[in-house]
Amino acid sequence: MFEKFKVYKTDFAGRPLVVETGKMAQLANGECLVRYGETVVHVAATASAKPRDGVDFFPLSVDFEEKLYSVGRIPGSYIKREGRPTDKAILTSRVIDRPIRPLFPKDMRNDVSVVCTVMSVDHDCQPEIAAMVGTSIALSISDIPWNGPISGVSVGYVDGEFVINPNSEQRKSSKMAVTVASTADRIAMIEAGAEEIPDDVMYNGIMAGHKANQAIIEFINSIKAEIGKPKFSYPSNEPDEDMLEAVKDFAIDDVRAALDTDDKNVRDQRLQPVYEKVHERFDPIYPDQQAKIDECMYKTQKYVVRRWLLDEQKRVDGRKMDDIRPLSAEVGLLPRVHGSGMFTRGQTQVLTVATLGPMSDEQTFDSIDEQETKRYIHQYNMPSYSVGETKPSRGPGRREIGHGALAERALLPVIPSVDEFPYTMRLVSEVLSSNGSTSQASICGSTLALMDAGVPIKSPVAGISCGLITEGDRWMTMVDIQGVEDFFGDMDFKVAGTHAGITAIQMDLKINGLTPDMVREALYKTHKARDYIIDDVMLKAIPEPRKELSKYAPKMLSISIPLEKIREVIGSGGKVIQKICAECDVKVDVEEDGHVYVSGIDLDNCKRAISIIDTIANDPEPGSIYNGKVTRLMDFGAFVEIAPGKEGLVHISQLDVKRVEKVTDVVNIGDAVMVKVLNIDEKGRLNLSRRDALIEVEGLVPENDPEPRPFRRPAPRRDDRGHSGSKPNYGKPRQ
């Protein structure tokens, strides 16, 4: 039945990689089923027969679809089906998109869709790597024009050794997580998170990944040679050479004058009349080809900027190649938030706000990933006004989610552990103005906000980008690219880190890849730049994290209790924990491992709640002093509850520093009293003293130091048949 069904096998980092094609999705232009270990991902690539009208870009979409059946789970939503993609799915889609996009023809306008469906997950074999390899295979064997193949691997660093495609246990102990995509001769994409890894170690890790990719590229080429389809032709959107030269000759002087400024608004204002002048001149000559005339204007601007950079070593704002735009850092801008920091680099400006919350506020996930929660959350917003446009807000797009994740990954290695700082942290970066490298400005702003909030981060983190211009064998890099250099350049190589090393990398390319020398130079230049940003700008705004939290931030305390005491702390139906929350005006979270987190605005209330929980979980020691509440009165004394379920007797002789005739002369039900634990009898009952607590804490002197009355607990009451109860009843008077 399946005449075209083929199976191809190879070894991939010590695990079997099996590719099946010709059985499923036979209406797609290209498809394959990738089995990596027990991970199974189906990839289908399709293209429209005709180009899309009215677009000046290549319409490619990549979707990484997580199916919860792949990990044997039912979705948790009300309708019990997958909804919008998770952040992880969006980030994976972007990681696959970036290395394949530059390999499509630049003048093609046919819609191309790549859908990667995750059908089974073996956590030792990452589905995102299987999806990237499957995408390369599906495009290579299809009739869609594409100059592949590529391959992608994950590189870990465990015990001083690089590990290709580390398994689940290795990823937990790895000092870095780097995804490297390659063509046969160049590095096409880098996405990295690392624990302050030195530049040379990161470089060697990238090269190890590039080397590992070559075997898979050869494997894909062998499949392509056997079953690959001829590529279809398409109508080019490129203007002809005569039109391009005519527009360039007519407008190039005006374009040079318009671009020669460091102010984005001025540049846009200057270009508008140039466009109008060009259309007035050429629309009659080339009717119904306004889009191609605009393409000629784009190419003219690109030609001017690249000639300045390559031939004249000139940047549009007059900087040298390694100069950074004017920088500014401020903290404490917003009085009621827990922490805030604003970082400005030229016309790029980002304000980040830090919010601290209890551990119960951590983010939970319903996805195929092993990670179930996270306590450090970074989100990024870029409203239309930041680029001088008027578009309605539609929520975060893929770009916003990607930039937020990059900043989160950059700062995660310096975030204190939950034992050091038992808080959930949410950072929100608001882009106020954008002229290049907003994601890196958000990293700097987030460091400032965390320090302003009093989060004891291990080291300050800064981010900077490096650009690239290539022409044949010539190439050059520049630090801190602004919008026009990003738009007309070939690379945006973003690197974040501390003085000690790299914490995150994200590389966007418009060409088919980088050489090792380009990677090495980008790492060197960005390290030098971020050292300057940290020392000369950020640490001058705030030299260290604040010693105290904002008065508006919740105060958080934690305690560890025995597992067998969790039930007692929570109480039947949650009554005990609810009582603690109500009495102390706090929030209490009890974890399965026995960690208890208490949060509240008032630190004294938090300490009181911790004391109560400690008293419930651990038997009070003689000599300890507690604040309790009178619950019952008897002729011979008062019962005081020092914690829910922990009640003791204060004998009348121990109620005050003076002789007491009646219990009600000193205390009444509901009174808050301070008591000291005298002893715990053989039956576990508490004997308390208010008298000793007053002497010890408040320094009161006993009046005539009266002899205490002999204290004997009343005998247990007997029922009508003469049997004593299992628990003595000290109080209820006989009816």
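**Strand 26, its barrel and selected side-chain contacts**

Strand 26 (residues 637–643) is mostly covered, with 7 of its 7 residues buried; buried denotes under 20% relative accessible area, exposed over 50%, and partly exposed the range in between, for a 1.4 Å probe and protein chains only. The model is predicted, and local features therein require pLDDT of at least 70, side-chain atom pairs count only at pLDDT 80 or more, and totals for chains, interfaces and linings use all residues. Residues are numbered from 1 along each chain as its sequence is written, and side-chain values use heavy atoms, with hydrogens and water left out. Helices (H or I, at least four residues) and strands (E, at least two) are DSSP runs numbered from the N terminus.

Two strands are taken as paired if DSSP finds at least two bridges between them. Strand 25 (residues 625–634) and strand 26 run antiparallel and are joined by 5 bridges. Within this pairing, V630 stands opposite V640 of strand 26. The two strands form a hairpin with 2 residues between them. On strand 27 (residues 646–651), which runs antiparallel to strand 26, 6 bridges are made with strand 26. The bridge partner of A638 there is V650. The hairpin of strand 26 and strand 27 also has 2 residues between the strands, and G645 takes a positive phi near 85 degrees in it.

These strands belong to a barrel closed by 5 strands in the order 25-26-27-29-28, with mixed pairing. Neighbouring strands of the sheet are turned by 50 degrees against each other on average, direction ignored; axes are lines fitted to C-alpha atoms, for helices over the stretch in contact, and angles run from 0 to 180 degrees between N-to-C directions. Strand 28 (residues 672–680) and strand 29 (residues 686–689) run antiparallel and share 4 bridges, and N679 stands opposite N687 in strand 29. Helix 14 (residues 603–617) packs on the sheet and touches strand 25, strand 26 and strand 27, its direction making about 105 degrees with that of strand 26. Helix 15 (residues 690–698) also packs on the sheet, touching strand 25, strand 27, strand 28 and strand 29, and its direction makes about 110 degrees with that of strand 28. Contact means heavy atoms within 4.5 Å.

The charged end of R632 sits over the ring of F639, 4.2 Å from its centre. The criterion is NZ of Lys or CZ of Arg within 6 Å of the ring centre and within 35 degrees of the ring normal. R281 has its charged end over the ring of F282, 5.2 Å from the centre.

Rings of Phe, Tyr and Trp (its six-membered ring) pair if their centres lie within 6.5 Å; planes under 30 degrees apart count as stacked, over 60 as edge-to-face and the rest as tilted. The count by this rule is 10 aromatic pairs. Y298 and F487 form an edge-to-face pair, 5.5 Å centre to centre with 80 degrees between the planes. This pair links distant parts of the chain, Y298 in helix 7 (residues 290–312) and F487 in helix 10 (residues 483–488), 189 residues apart. Y298 is partly exposed at 24% relative accessible area, and F487 is partly exposed at 48%. F487 and F488 form an edge-to-face pair at 5.0 Å and 65 degrees; F488 counts as buried at 2% relative accessibility. Ring pairs also link F58, F104 and W146 into a cluster.
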